[in-house]
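This report describes a protein structure in terms of its strands, helices, burial and side-chain contacts. Please read it alongside the sequence and coordinates.

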Amino acid sequence: MSEHRRKPPNSGRGGGRHGAHSGRRGTPGADGGASAGRRAAGGGGGRRRAPDGNTAYGAGAGAGAGAAAGAAAGHGRSHSAAGGYDGPRRRRRPEPPPRKRFIDYPRSNHTGLRRWLPSWKQVMGMCVLGFGALVGLFFLGYMLVSVPDVAAAARAQNNVYYWSDGTQMATYGGERNRQIVDLEDIPKEMQNAVIAAENATFYSDPGIDPKGITRAVINMAGGGSTQSGSTITQQYVKNAMLDDQSQTLSRKVKELFVSIKVGAKVDKNEILAGYLNTAYYGRGAYGIQAAAQAYFRVDAENLKPDQSAFLAAVLKGPDLYDPQGGSVPGASPEDNRKRAEERWEWILDRQTEVELDGQKMMSPAERAKYDKFPEIEKYNPSAGLTGQKGYLIETANRYVLKNSNIGKEELERGGYRIYTTFDKKKVAQMEKAVDDARKEYLDPKTREKDKYVQFGGASVDPTTGKIVALYGGEGFDNDHFTNNADTLGVPVGSTWKPFVLASAFENGTYRSEGEPISPESKYNGNNKIIIRDQNGDPMPGPDGEDFRQVNESDYPYGYVTLEKAMGLSINSPFVQLGVDVGLSNVQKTALSAGILEESMPKREDLDASFSLGTSTPSAIRMASAYATFAASGEHIEPYSVTKVIKKGDELPGYDDHPTERGMDANVADNVTKILNEQVVNGEYGELGEGTGAAAKDLGRPAAGKTGTTDENKSAWWVGYTPQLSTAVTLFRTDPRSEKQELLSMNGTGGFDSIHGGQIPTEIWTNYMKEALKGTDVIEFPVPDPLGDIVDGGGVPSPTQSSIDPEPTESEPSEEPDDPTSSPPPSTSPPPSQTCEPWDLECQSGGATNGGDPGGETTGETTTGETTGETTTGETTGETTTGGQPNGGNGNGGSGGDDGGGLIP
């Protein structure tokens with residue numbers, strides 16, 4: 001070692017080092033232990049500085065300083081508290097490296113975000129594993145499913161329907177309309193039409209549509225509606241999976257595997273034959289043979305190209321493409337025919353574009369031959385069902401479809417046990433009451449006006465909402481397939497007035513500032529009064545003139561109480577009352593009572609005639625709404641099914657029928673009091689009795705209201721006791737015609753005109769006598785007085801001359817109960833009547849206060865009504881005149897979308 005690097009020990013500078021090795025105190029020097037400590041600390045490379053308490057500065061304490069500095073410098077020596085040496089320090093054995101994990105995640109050799117990011121090796125490994133798992137699952141699913149059997153798919157069970165007492169009513173559905181035919185017996189034109197319309201790549205695709213499947217899966221996973229595959233193979237598989245028709249993701253996955261297996265193992269022609277033999281074509285027809293018979297009355301082998309194109313069109317959705325109409329919204333006969341014709345033309349055109357075996361399916365010349373839509377046969381929905389059973393089953397089926405996730409096709413496959421609310425005895429009693437009236441009054445062989453007369457009726461239990469009986473027509477076995485108990489399009493006339501009165505009791509009028517009014521409030525009952533809005537201005541008629549309301553007769557009733565106006569069914573007070581209450585309020589009251597919105601005009605289309613029954617609810621709905629009055633304002637939605645069982649399991653959704661408050665109990669009871677005391681039991685001197693006087697023959701408390709419409713195109717009686725509410729309707733329409741327009745009943749039954757208080761009330765009374773036989777006689781609740789007397793406009797004060805005339809012997813009732821009676825030719829008021837100069841609505845001698853009559857035509861025509869094919873805008877007798885500018889809501893015919901909106 002060189003000389004200049006070797007330094008001799010120095011007592012002053014080396015005291016610290018020397019003290020550390022010898023354990024003796026160093027000699028104090030000028031910088032003594034402090035210098036030694038600093039050098040030791042610096043030379044040792046230690047990072048931590050010794051704590052202040054271990055460093056001795058001051059009176060030459062070099063040894064302590066040196067020891068502390070040496071320890072801090074990392075010399076590997078240990079010192080005692082007194083500065084002594086403890087011997088060599090043992091080195092710690094190094095920790096073994098951590099055992100490597102099979103999957104290093106989170107990644108151990110990274111920190112922060114990178115610790116949680118998988119490496120590319122991990123990503124690739126997961127992809128390989130995932131793909132392998134999918135392949136394995138695919139082959140597992142492929143091996144677990146089997147090819148469906150066409151013959152098994154064609155076999156189905158009947159549905160069994162039961163009366164309310166649990167006894168069997170009828171069986172319907174199942175295998176009665178199925179027959180398998182070979183592909184050779186199906187015309188090539190039929191095969192081509194289906195392929196062109198449904199799956200143009202049928203012969204070349206693998207049997208599945210990946211895009212369609214992905215779309216359907218995403219839609220269902222997102223909570224949307226279920227969707228079907230788009231290929232013929234997938235549709236065939238769906239049709240053949242009778243054991244599971246649930247619309248779930250698991251079933252769709254199973255359907256996918258079966259479709260793949262079918263596409264791989266089954267010949268395309270066999271698949272096509274299977275599809276055509278299992279597809280549902282509507283009208284209860286499964287398979288091409290049944291469809292050919294249902295629509296054209298021919299065997300499948302005799303189908304023509306234009307007929308084949310139609311059947312291919314129907315496959316898209318029978319409820320929407322059968323020209324006879326369907327049971328879903330927007331499926332009226334007119335709408336369906338329009339859709340069917342458009343798709344029929346498209347399928348024919350499509351065949352001129354699609355190639356098969358190297359050539360077009362149809363040449364343009366061949367296509368040009370089919371320019372006329374084929375003639376479709378009328379549908380006989382259940383030839384084996386007689387009497388009312390067809391209508392009962394149809395009503396029950398509609399309720400099941402509405403209140404479950406069962407589709408129409410699945411329901412018709414059968415296997416369901418359906419328990420209904422229909423009382424076998426009451427159904428027979430209602431049918432007998434109608435048949436007796438038909439025999440007594442109608443003779444279609446000798447009277448032209450007795451042809452096409454239709455009866456409809458329904459009976460509802462107010463305490464439960466059960467539909468216990470209905471009359472739908474002469475029976476499916478007599479080629480009458482329209483359910484008259486559930487029609488849409490027959491205006492109800494003055495049976496609507498109780499809703500106007502109830503709304504006035506609930507909401508008041510603008511004159512009462514929203515407070516309920518008394519039934520003793522008076523309104524002008526004269527003929528041809530000007531109807532005024534809530535500002536007092538005349539309401540315009542359709543021709544722009546002032547709107548004048550026409551009664552059945554010109555008799556000058558003057559100002560009458562609302563209860564008397566109800567008893568005599570005078571129109572003008574209720575038209576003005578509806579305006580004063582607010583037509584939208586009247587609509588709300590009807591809705592809360594149980595009338596469906598779709599049977600009424602839209603809110604923006606409401607006009608004064610709305611108060612006189614231009615709406616078209618079914619008999620079932622009218623019976624249900626009046627049941628709300630019978631139950632003191634409580635409403636239960638009408639229903640026809642109590643239980644549905646499939647494979648031994650009871651399906652949910654048929655046991656919950658909540659009671660809702662439709663209107664205040666005192667309001668409902670006051671309406672009932674008026675309908676009982678005025679309409680049924682009213683006595684009006686020489687004016688006669690209430691319009692429903694025939695219901696007194698029931699022999700127990702009853703309430704109700706008559707209804708008659710324009711030209712007597714419909715007549716109604718809706719009445720009730722505390723135990724039963726029943727509606728009966730009478731109208732004329734040819735059930736076989738396409739337009740189903742209403743015909744006048746003037747002259748029907750030998751009467752000059754038909755009123756609700758005649759045949760309908762008689763049928764109701766005869767039925768109710770039998771239906772209630774043996775039950776307790778229950779009185780209606782006694783209501784509390786209601787509201788203040790708030791008269792309509794123009795009522796004279798007590799100091800002014802009254803213009804409410806007393807009746808004379810020559811004055812007729814507003815709606816005569818005697819069929820032979822007729823309004824008197826003279827309409828002059830008695831001499832005691834005076835008209836105040838300010839009263840523009842007061843009539844003198846039936847005149848119109850001078851001037852033009854406001855576009856109103858006298859007689860039974862509507863005031864300024866636009867008729868078209870509909871005549872629901874006004875009524876005569878108890879009838880609105882004036883009508884709706886849009887011609888009303890249509891009339892006649894079946895319920896179209898859902899039969900008056902009930903689907904009960």
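The sections below go from overall composition to individual elements and residues.

## Overall composition

The structure is a predicted model. The protein contains 25 helices and 20 strands. Of its 904 residues, 53% are buried. The exposed area is about 41,100 Å², and carbon and sulfur atoms supply 50% of it.

Contacts between residues at least 6 apart in sequence are often long-range by a second cut-off: 71% of them join residues at least 24 apart.

## The five-stranded sheet

One open sheet has 5 strands in the order S4-S3-S7-S15-S16, and its pairing is mixed. Strand S4 (168–172) and strand S16 (649–650) are the edge strands, each pairing on one side only. Strand S3 (residues 159–162) runs antiparallel to S4, and 4 bridges join the two. Within this pairing, Val160 has Thr171 of S4 as its bridge partner.

Helix H16 (residues 389–402) lies across S3, S4, strand S7 (416–420) and strand S15 (641–646). The helix runs at about 75 degrees to S4. H16 also carries Arg398, a residue that is taken up again under the salt bridges.

## Strands S18, S19 and S20

Strand S19 (residues 714–720) is largely enclosed by the rest of the structure, because 7 of its 7 residues are buried. Ser714, Trp716, Val718 and Tyr720 point one way from S19, while Ala715, Trp717 and Gly719 point the other way. Residues on both sides of the strand are buried.

S19 pairs with two strands. Strand S18 (residues 703–708) pairs with S19 in the antiparallel sense over 6 bridges, and Thr708 stands opposite Ala715. The hairpin of S18 and S19 has 5 residues between the strands, and Glu711 takes a positive phi near 55 degrees there. Strand S20 (residues 725–732) is also antiparallel to S19, with 7 bridges joining them. In that pairing, Trp716 stands opposite Thr729. S19 and S20 form a hairpin with 4 residues between them.

## Loop residues and positive phi

Tyr452 is not a glycine, yet has a positive phi of about 65 degrees. Tyr452 sits in the loop between helix H18 (424–441) and strand S8 (453–460), and is partly exposed at 35% relative accessible area. Ser569 is another non-glycine residue with a positive phi, of about 55 degrees. The loop that holds Ser569 runs between helix H20 (562–568) and helix H21 (571–581). Ser569 is buried, with a relative accessible area of 0%.

Asn571 belongs to helix H21 and is buried, also with a relative accessible area of 0%. The C-alpha atoms of Asn571 and Lys528 are 10.0 Å apart, and the two residues are separated by 43 residues along the chain. Thr748, in the loop between S20 and helix H25 (759–771), is buried at 1% relative accessible area. Leaving out residues up to four places away in sequence, Thr748 touches Leu442, Lys449, Asp450, Val453, Arg732 and Ile754.

## Salt bridges

The structure holds 20 salt bridges. One of them joins the side chains of Asp319 and Lys408, at 3.0 Å from N to O. Asp319 lies in helix H13 (residues 318–321) and Lys408 in helix H17 (residues 408–413), so this pair ties together parts that are 89 residues apart in sequence. Asp319 counts as buried at 15% relative accessibility, whereas Lys408 counts as partly exposed at 30%.

Arg398 forms a salt bridge with Asp486, with the closest N and O atoms 3.2 Å apart. Because Arg398 lies in helix H16 and Asp486 in the loop between strand S9 (467–471) and helix H19 (497–507), the pair ties together parts that are 88 residues apart in sequence. Both Arg398 and Asp486 are buried. Elsewhere, Glu683, Glu689 and Lys696 are joined into one network by salt bridges that share partners. Arg350 and Glu353 also meet in a salt bridge, at 3.7 Å from N to O. Arg350 is partly exposed at 26% relative accessibility, and Glu353 is partly exposed at 48%.

## A nonpolar surface patch

Ile103, Tyr105 and Trp116 make a nonpolar surface patch of about 340 Å². Trp116 lies in the loop between strand S2 (85–88) and helix H4 (120–144).

Methods. Residues are numbered from 1 along each chain as its sequence is written. This is a predicted model: local features need pLDDT of at least 70, side-chain atom pairs count only at pLDDT 80 or more; totals for chains, interfaces and linings use all residues. Side-chain values use heavy atoms; hydrogens and water are left out. Patches are made of residues with over 30% relative accessible area and no salt bridge: like charges are joined within 9 Å, nonpolar side chains (Val, Leu, Ile, Met, Phe, Trp, Tyr) within 5 Å. Accessible areas come from the Shrake-Rupley method with a 1.4 Å probe; for residues, only the protein chains shown count as cover. A salt bridge is a side-chain nitrogen of Lys or Arg within 4 Å of a carboxyl oxygen of Asp or Glu. Two strands pair if DSSP finds at least two bridges between them. Contact means heavy atoms within 4.5 Å. Axes are lines fitted to C-alpha atoms, for helices over the stretch in contact, and angles run from 0 to 180 degrees between N-to-C directions. Buried means under 20% relative accessible area, exposed over 50%, partly exposed in between (1.4 Å probe, protein chains only).
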